[in-house]
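The following exercises concern a predicted model. Each task is followed by a solution in steps.

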Amino acid sequence: PDKHKGEITQSIGEFLSLTDDARTNKEGKVCVLGGGAFGTSLAYASAQNGFRVSLYCRDAVQVSTINDQHCNPRYLSDTILPSGIVATTDLKEAVEGCMLIILALPCQKTPDFFRQHRKVIPGGVVICVTAKGLYLPTRQLIGDAIEDALAAGDEQIRNANQKERPTRKPNPLAFFSGPTFAAEIVKNNPTLAVVASQTLYHAVHVQKILSNETNFRLYVSQDIVS
């Protein structure tokens, strides 16, 4: 009973911390991984709500143009981006101190990306996944493949030391689904979407960062498959 009481208290504390941060901490930082059309649109939505946004891109020219001219030269190039969006090619800089990671990379590239950079991704931070479909090499749902990628290496560490070691704090996953188009979001057209997570308050955390009262509304769900 004491164990379950402690787990419940911890869950309530995490819920209050997440929702308070998303509701009141407009100085909070959102990290968007991927400078494509959808990553740019969700960076736009976050910045429109007053959050600082770090947009991770691999292309140095793209980063320079976003920072200097406030537009993405490769995607949605006619959109003026809020000054709160700062692009970078440095992943460590992008994720440092963030309260939410929005994953906007292609589905088939995502697990390898996380496996390669798992030591840089801060544990415990909610990851909002926009990738759709199955991860073909292992025939897994993308969420399962991401969880395996982020946990990669923990078992080897335990085996090498022949004793249990604390592992990185897991990243709760939330899943963003439409029907939604990037162009609609940056044009401020009325847009609806759903964000789902096994634990509802993780979905609410994403909702409070991305939704606004005029044109972009996120509904929450615990159905992470369909």
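**Exercise 1.** Determine how many bridges join strand 1 to strand 2, and whether the two run parallel or antiparallel.

*Solution.* Strand 1 covers residues 29-33 and strand 2 covers residues 52-56. Five bridges connect them, and their direction is parallel. Within this pairing, cysteine 31 has serine 54 of strand 2 opposite.

**Exercise 2.** Place these strands in their sheet and identify which strands stand at the edges.

*Solution.* Step 1: the sheet is open, has eight strands with mixed pairing, and follows the order 3-2-1-4-5-8-9-10. Step 2: strand 3 (85-88) and strand 10 (216-221) each have a single partner strand, so one side of each lacks a neighbour in the sheet; these are the edges. Step 3: on average, neighbouring strands of this sheet are turned by 25° against each other, direction ignored.

**Exercise 3.** State which strands helix 3 and helix 6 lie across, with the angle given for each.

*Solution.* Helix 3 (residues 60-69) lies across strand 2 and strand 3, at about 160° to strand 3. Helix 6 (residues 142-151) lies across strand 4 (98-103), strand 5 (127-129) and strand 8 (173-177); its angle to strand 8 is about 145°.

**Exercise 4.** Find the salt bridges, taking a nitrogen–oxygen cut-off of 4 Å, and locate the partners of each.

*Solution.* Step 1: the count comes to two salt bridges. Step 2: in one of them, aspartate 59 pairs with arginine 74, with the closest N and O atoms 3.5 Å apart. Aspartate 59 belongs to the loop between strand 2 and helix 3, and arginine 74 to the loop between helix 3 and strand 3, so the pair ties together parts 15 residues apart in sequence. Step 3: aspartate 112 forms a salt bridge with arginine 115, the closest N and O atoms being 2.7 Å apart. Both residues lie in helix 5 (residues 110-117), three residues apart, or about one turn of the helix. Step 4: aspartate 59 is partly exposed at 26% relative accessible area, as are aspartate 112 at 42% and arginine 115 at 38%.

**Exercise 5.** Classify leucine 136 as buried or exposed, and name the surface patch to which Leu136 contributes.

*Solution.* Step 1: leucine 136 is located in the loop between strand 6 (134-135) and strand 7 (140-141). Step 2: exposed means over 50% relative accessible area; leucine 136 has 60% relative accessibility and therefore counts as exposed. Step 3: together with Leu134, Leu141 and Val225, Leu136 makes a nonpolar surface patch of about 400 Å².

Notes. Residues numbered from 1 in each chain as written. Predicted model: local features only at pLDDT ≥ 70, side-chain atom pairs only at ≥ 80, totals over all residues. Heavy atoms only, no water. Pairing = 2+ DSSP bridges. Helix = DSSP H or I, 4+ residues; strand = E, 2+ residues; numbered from the N terminus. Axes fitted to C-alpha atoms, helices over the stretch in contact; angles between N-to-C directions. Contact = heavy atoms within 4.5 Å. Patch = residues over 30% accessible without salt bridge, like charges linked within 9 Å, V, L, I, M, F, W, Y side chains within 5 Å. Areas by Shrake-Rupley, 256 points an atom, 1.4 Å probe, with all protein chains shown as cover. Salt bridge = Lys/Arg side-chain N within 4 Å of Asp/Glu carboxyl O. Buried < 20%, exposed > 50% of the residue type's maximum accessible area, 1.4 Å probe, protein only.
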